[in-house]
Each structure stands twice: as C-alpha cells, then as structure tokens.
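User: I would like to learn how to read a structure of this kind feature by feature. Could you show it to me and then take my questions in turn?

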Amino acid sequence: MSHAATECIIRLYEERHELEDYQGGVPRWCSGCGDNAILAAVQRLCRDEQLRPEKTVFVSGIGCSSRFPHYMKTYGFHGIHGRALPVAEGVRLARPDLTVFVNTGDGDCCSIGAAHWIHAIRYNMNITMFLHDNQIYGLTKMQASPTSPKGLKSNTTPRGSYLEGLNPLTVTLGVQNVSFVAQAVDWIPELLYDIVSAAFHHKGFSFVRIIQRCPEWLPKLLEPVLHDPQKVKLLHHEKGLAISPGLAKVYRNQEHHDPSDLDRARQVAGSMDPIPVGILYRNEEVPCYEDLRATREDRDATLIRSGLEAEFDKFTVWPQASAA
Ligand SMILES: Cc1ncc(C[n+]2csc(CCOP(=O)(O)OP(=O)(O)O)c2C)c(N)n1
Ligand code: SF4
Ligand SMILES: [Mg+2]
C-alpha cells in the first residue's frame, strides 16, 4: 500500500467519532428523568451520522431540559427563557454550514416562548427541535405549565389547574408552512431514536414533542401509560416509520398513518388516549426561509454592499472645498 493511501486510512480512522466524542459534562438530571433518554438518543444520532462536533450547535432556553447543550461535546448556547428559537434562527442565517438543534421545555416553548414557536413553524428553517414535555416546570420546582393536564395540583394550582392542557401537536399542525411533526415517548428508546433520526433527516423545521417523565415532581402522572402498552398507539407507514416485530408484539395498538395526510394528522394529534407515537406529518415541499432569502435577487452580495455604502455615504463629512 502506498504511503499516501496509508496516510488517508489513518486520517479516516482518526476522524471517526465515537459516542464519547459527543459526551460533554456529566448530566445533573435526577435519576429516572426522561431527559437522560433523550440525551442518549441524540448522542447516538450524532455518532451514527458522524456529525462533526465543530459543525454542530445545540441551542436551548432555560429549564432542566435546557441544560442539554452542557452535556453535548459540540457547540452550544444555553440561552434565556423562551428564546432558544430566535437564537437558533440567527445561527442558521449567519452560518448555514452548521447543523442546528433546539432543546426546549413545555414552559420554555409553550408559555414564555410561544410566539417564537409559532413563527419558527412558519419560517420553516432547517432546524431540528425537541420539545421535552414533562407537563410541569421542573427546574423551578413544580409550577403548572400550559401542557399540564386539567386538575393537576402544583405550587401555582394548589386546588388543581382549571384548564385542559394545551396540545403542542395540534397547535403546530395548525400553523401555515408546517413541514414535520412527530411525537415520541422517552421510555421506548427504539422509537425515540427512529423519530429523532427522521426529524434530523427532514429538511425544514422538524418539531418533535417528546413526552418526558419527571419522577421528581410528577412520579405518578405517566404510571397508567407505562403499565399498559395499549395506552400507546404506534403510527407506521411505508412513508413513515417501520415497527420492529419485537415492538409490534408489545404495542399492539397501531395505526397505518400516511404522514402526507394533514387532515388525518390533525385528527390523530387531537386524541392523547392512546398516545400516538410516530411521524404525524411530513412535507418536504415547503420551502425553507433561509433558501428563499439566499436566492432572492435583492440578496446579491454586491447589491447589499453597494446599498450599505450608499447609506454610510449619507453620513460622510466631506472636507470643505475652501479648506483644501
Ligand atoms: C424571564 C424568565 N422568567 C422566568 C424564569 C424562571 N424559570 C426558569 S425555568 C422556568 C420553567 C421551566 O419549565 P420548562 O420549560 O417546562 O423546563 P423543565 O425544567 O420542565 O425542563 C421558569 C419559569 C426565568 N428564568 N426567566
Ligand atoms: S426535576 Fe424533573 S425534569 Fe428536572 S431533572 Fe428532575 S426529573 Fe428531570
Ligand atoms: Mg417542563
């Protein structure tokens, strides 16, 4: 073998990333917290896709779930409450060569960050977003969130919350330009991985709601679902996910759901008993905002430069002719 070929093989070997290459700080989440399962799935995805750590960014807001970027050995931005999406959009616009993920909580996304969420769907930028939905404010010690179920007793609703929980899937599916919506649960790792992977491969804004256990504040909330596989409905389709024989044996409640059918996706999303798990909607045809922007004639670099120069010239103080 030639020296050059050997060098090339050595370089390839050195550049291959293993799981440890994506593992950042030791997670400080409670044991049994569903965030741990989400982290494991995402690190596996990065390894399987061989994402270059220096070309990958995780952006978050504030909350237990938003500690995610600290646990990835990639670039990260632990932002401010509710503002993960505008930061991620800025990164996409300035550095289209980077792969951008967003991790957000139900409080972070559906409460203080709700306006950004709606507009991010409409802009359809190439970002993969994971909504860690534990149906509570975890970090601040158990206040009701918009997705908390009706009647939930918490520090802000001691007599039980008055309202039905907001359904993040139907909200997302109702916004113009929606292009990818899926739902996963943290306790079925095989499907969690497949859904995270499908979301990553979608070009556009991929919204994944992950129903996440918070054993610290709501240890009983998901118990009925955990103990009864019939309370989960798996969505499968040739254009969606395939269900392995092992999973199909346990989770017998299944639906053949075509992810290009928006009306049916909305119906499926409307009922959480049983919990639908899989790809609800996918449309590859929706244009991404960054592509629309980059291809417009008025975004031509020379035009932008001459426009800027004309603006600066307005404020230039030219030396007086007489002073010369
Ligand atoms: C502007 C602002 N308001 C309120 C807070 C307090 N705060 C921090 S995290 C949080 C809610 C976190 O809940 P969620 O987004 O569901 O994340 P989780 O901890 O459950 O993962 C709140 C209200 C804050 N940090 N900043
Ligand atoms: S409080 Fe809940 S969400 Fe936060 S780390 Fe603990 S189990 Fe996870
Ligand atoms: Mg939460």
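User: Which residue in strand 6 does V181 stand opposite?

Analyst: In this model, which is predicted, V181 stands opposite F207 in strand 6. That pair can be read within the wider pairing, in which strand 5 (residues 180-185) and strand 6 (residues 205-211) run parallel and are joined by six bridges.

User: What is the order of the strands in the sheet, and is the sheet open or closed?

Analyst: A sheet is read from one side to the other, by asking which strand is the partner of which. Here the sheet is open and has nine strands in the order 2-1-3-4-6-5-9-7-8, with mixed pairing. Strand 2 (75-78) and strand 8 (254-256) each have a single partner strand and stand at the edges, so one side of each is left without a neighbour in the sheet. From one strand to the next, the twist averages 20 degrees.

User: Which strands does helix 2 touch as it packs on the sheet?

Analyst: For a helix on a sheet, one lists the strands in contact and then gives the angle to one of them. Helix 2 (residues 34-49) touches strand 1 (56-60), strand 3 (99-105), strand 4 (127-133) and strand 6, and its direction makes about 160 degrees with that of strand 4. Helix 7 (residues 189-201) runs at about 160 degrees to strand 5 and lies across several strands, including strand 7 (232-236) and strand 9 (275-282).

User: Which residues of helix 3 and helix 5 meet?

Analyst: With two helices, the axes are read before the side chains. Those of helix 3 (residues 84-94) and helix 5 (residues 114-123) come within 8 Å and cross at roughly 35 degrees. At this contact, L85, P86 and E89 in helix 3 meet H116, W117 and A120 in helix 5, and the residues involved divide into four nonpolar, one polar and one charged.

User: Which residues come nearest to ligand 1?

Analyst: A ligand site is read from its shell inward to the single atom pairs. Of the 16 residues around ligand 1, those that come nearest are C64, S65, D106, G107 and D108, and helix 4 (residues 106-112) gives the largest share of the shell, with four residues. By class, the shell holds six nonpolar, eight polar and two charged residues. Turning to atom pairs, an oxygen atom of ligand 1 lies 2.8 Å from a backbone N or O atom of C64, while for a polar backbone atom of G107 the distance to an oxygen atom of the ligand is 2.9 Å. The protein buries 73% of the 590 Å² that ligand 1 exposes when taken alone.

User: Where is P274 found, and what kind of peptide bond joins D273 and P274?

Analyst: Most residues other than glycine have a negative phi, and most peptide bonds are trans. The bond joining D273 and P274 is cis, with omega about 5 degrees, and P274 is found in the loop between helix 10 (262-269) and strand 9. K141, in the loop between strand 4 and helix 6 (168-173), has a positive phi near 75 degrees.

Note on methods: Residues are numbered from 1 along each chain as its sequence is written. Chains are lettered from A and ligands numbered from 1 in the order in which they are written. This is a predicted model: local features need pLDDT of at least 70, side-chain atom pairs count only at pLDDT 80 or more; totals for chains, interfaces and linings use all residues. Side-chain values use heavy atoms; hydrogens and water are left out. Two strands pair if DSSP finds at least two bridges between them. Helices (H or I, at least four residues) and strands (E, at least two) are DSSP runs, numbered from the N terminus. Axes are lines fitted to C-alpha atoms, for helices over the stretch in contact, and angles run from 0 to 180 degrees between N-to-C directions. Contact means heavy atoms within 4.5 Å. A residue is near a molecule or strand if one of its heavy atoms lies within 4 Å of it. A polar contact is a pair of N or O atoms within 3.5 Å; within protein, one must be able to donate a hydrogen and the other to accept it, and residues adjacent in sequence count only if both atoms are side-chain atoms. Accessible areas come from the Shrake-Rupley method with a 1.4 Å probe; for residues, only the protein chains shown count as cover. Ala, Val, Leu, Ile, Met, Phe, Trp, Tyr, Cys and Pro count as nonpolar, Asp, Glu, Lys and Arg as charged, and the others, Gly among them, as polar.
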